[in-house]
Amino acid sequence: MHQVPGLDALFLHLETPEMPMHVGALHLLELPPGFRGRWINALRKHLQARLPHAPALRRTLAELPLNLVNPVWREVQPKLEQHVVAEALDSGATLADLHEAVARLHMHLLPRDRPLWKFHVFEDLAPGDNGQRRVALYTQVHHAAVDGQAAVALAQVLLDLSPEPRELPVGGTRRSRKKDQPPLGTADQWRLAFSEQARQFLDLAKALPGGASLLTKVAGQAASDQLRGAARSLLARFKGEAKAKKTEASALALAPRTRFNVAVSSTRSFVSLSLPLPALQAARKALQASLNDAVLYLCATALREYLKDAGELPKKPLMAAVPVSMRTAGDASPNNQVTMSSVSLGTHLADPKKRFAHVLEAAAQMKAGLSTLKELMPTDFPSIGLPWLLPAAARAWGGVAERVPPLVNVVISNVPGAPVPLYLAGARMLTNAPASIVVHGIALNITVQTYEKHLELGLIACGEAVPDIDLLAAHLRHAYDAFIELAAED
């Protein structure tokens, strides 16, 4: 047993019926030729064999005394009939039907008396163009258990490179057990609670001197940037310019208020999108941009056109919150190691080239500041009182989110994926569209993952704030075509 780290526990404490804190994905899969029977049974058998190697699927929560500090993870053996369930759809269901089902299922909170994950299987889909049977899978895993990179590591355990499942080493992870771990006695619970809090306070005290030094460095850099900006302004005035040009790509600017900056309801809208990756890679290389730069530009362009069509385009540029992994190479531990940064999207610029240049500058500023700031972001910290305070704060935030000046408008996340075809329980995975989290004040989340030769996008939003999410997906398709043309013109 070990206590849930501070960053992971935030996703537990902040969860409400309007803000489920699980992540997942919608997968379309093709069954192998000659497959008979129900694929859900094959999936349960497959997961049973992989559970020893997947600790994130074998943990349940146990509260400590008075729920005064974060709960602990207790190892159990999940009952797969509770976690892998069949979902009914009309025969010959389409992708649009799946999107509606995901939007509905995404609002179901995961029960906390069992491991925090659930797989939904749809078996009544129309066959593919080649006549092969297809199924779909919508996965839910609580964000307290995994972040984006940890979810990728979990997928590497569950997925194979061929229809024939590979043999994994016998025994699984060191903590794997055949029986559930018994609950702690009262004395052991208090001992664990106090020892963990003491360790966290000690770790925090050790980190303070180094953190203070880093803060001083960051503050000095910020002051230097301010001085350079003032010098440029004076020089511009000296040259007789009407006013100095200022950089609008600053990550410190407030965001304009949009339809996305509202308290979210208990409804969701969802759409997936798959775009060809090779052409996008060639275009971004021609423009000397990273794939993340290209993703930000696609989203910026689509959001601009979407809001413009609705007559709601702000004069100020939209700001995006961008999750940034703090995970070191090779670290596959099932916990959260992520922080947030912000980037200006340049949506106020009508000229595509100027908007692209703006996004490049904004992304470069974000990257320059992360190398230092990442060292200041703790993933664990003392939690005395937080299980009481944070749920109340989350409920209160829903009442003021629409009156507080927004810092960002949308979350845009880019997670690396597999460049080769993957298989699950013998079925080939055709698509892998992420489904993430929206919160009060940020009612739209765009998550992107590369898979094989495609860029897979999952857009999820509050159903009342963005009921026409299909239109935003259409604008993303157009933005993709425009980006390819932009590279051809360069």
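**Exercise 1. Find how confident the predictor is along the chain, and where the confidence drops below 50.**

Solution. Begin with the whole chain of this predicted model: the mean pLDDT is 82, and 74% of the residues reach 70 or more. Next, look for stretches below 50, among them residues 210-238, which have 13 contacts in the model beyond near neighbours in sequence. Then turn to residues 379-383, where the pLDDT is also below 50 and where the model has 25 contacts beyond near neighbours in sequence.

**Exercise 2. Decide whether cysteine 299 and cysteine 462 are buried or exposed, and state how many disulfides the model has.**

Solution. Take the cut-off for burial, which is a relative accessible area under 20%. Cysteine 299 has a relative accessibility of 1%, and therefore counts as buried. Cysteine 462 has a relative accessibility of 2%, so cysteine 462 counts as buried too. For the disulfides, apply the rule that a pair of cysteine sulfur atoms must lie within 2.5 Å; by this rule the count is zero.

**Exercise 3. Locate the largest cavity and describe its lining.**

Solution. Start from the search of the whole structure, which finds one cavity of 30 Å³ or more; the space in the largest cavity is about 30 Å³. Its lining consists of Gln82, His83, Leu110, Pro111, Arg114, Pro115, Trp117 and Lys118. Now assign these residues to elements: α3 (80-83) and β6 (117-122) are the ones that give two or more residues to this lining. Finally, sort the lining by class, which yields four nonpolar, two polar and two charged residues.

Conventions
Residues are numbered from 1 along each chain as its sequence is written. This is a predicted model: local features need pLDDT of at least 70, side-chain atom pairs count only at pLDDT 80 or more; totals for chains, interfaces and linings use all residues. Side-chain values use heavy atoms; hydrogens and water are left out. Buried means under 20% relative accessible area, exposed over 50%, partly exposed in between (1.4 Å probe, protein chains only). On a 1 Å grid over the protein atoms alone, a cavity is a set of points where a 1.4 Å probe fits but cannot get out, and a pocket is an open set with protein on both sides within 12 Å along at least five of seven lines; lining residues have an atom within 4 Å of a point. Grid points are joined across faces, edges and corners, and a volume is the space filled by probe spheres set on the points. Helices (H or I, at least four residues) and strands (E, at least two) are DSSP runs, numbered from the N terminus. Ala, Val, Leu, Ile, Met, Phe, Trp, Tyr, Cys and Pro count as nonpolar, Asp, Glu, Lys and Arg as charged, and the others, Gly among them, as polar. pLDDT is the predictor's confidence in each residue, from 0 to 100. Contact means heavy atoms within 4.5 Å.
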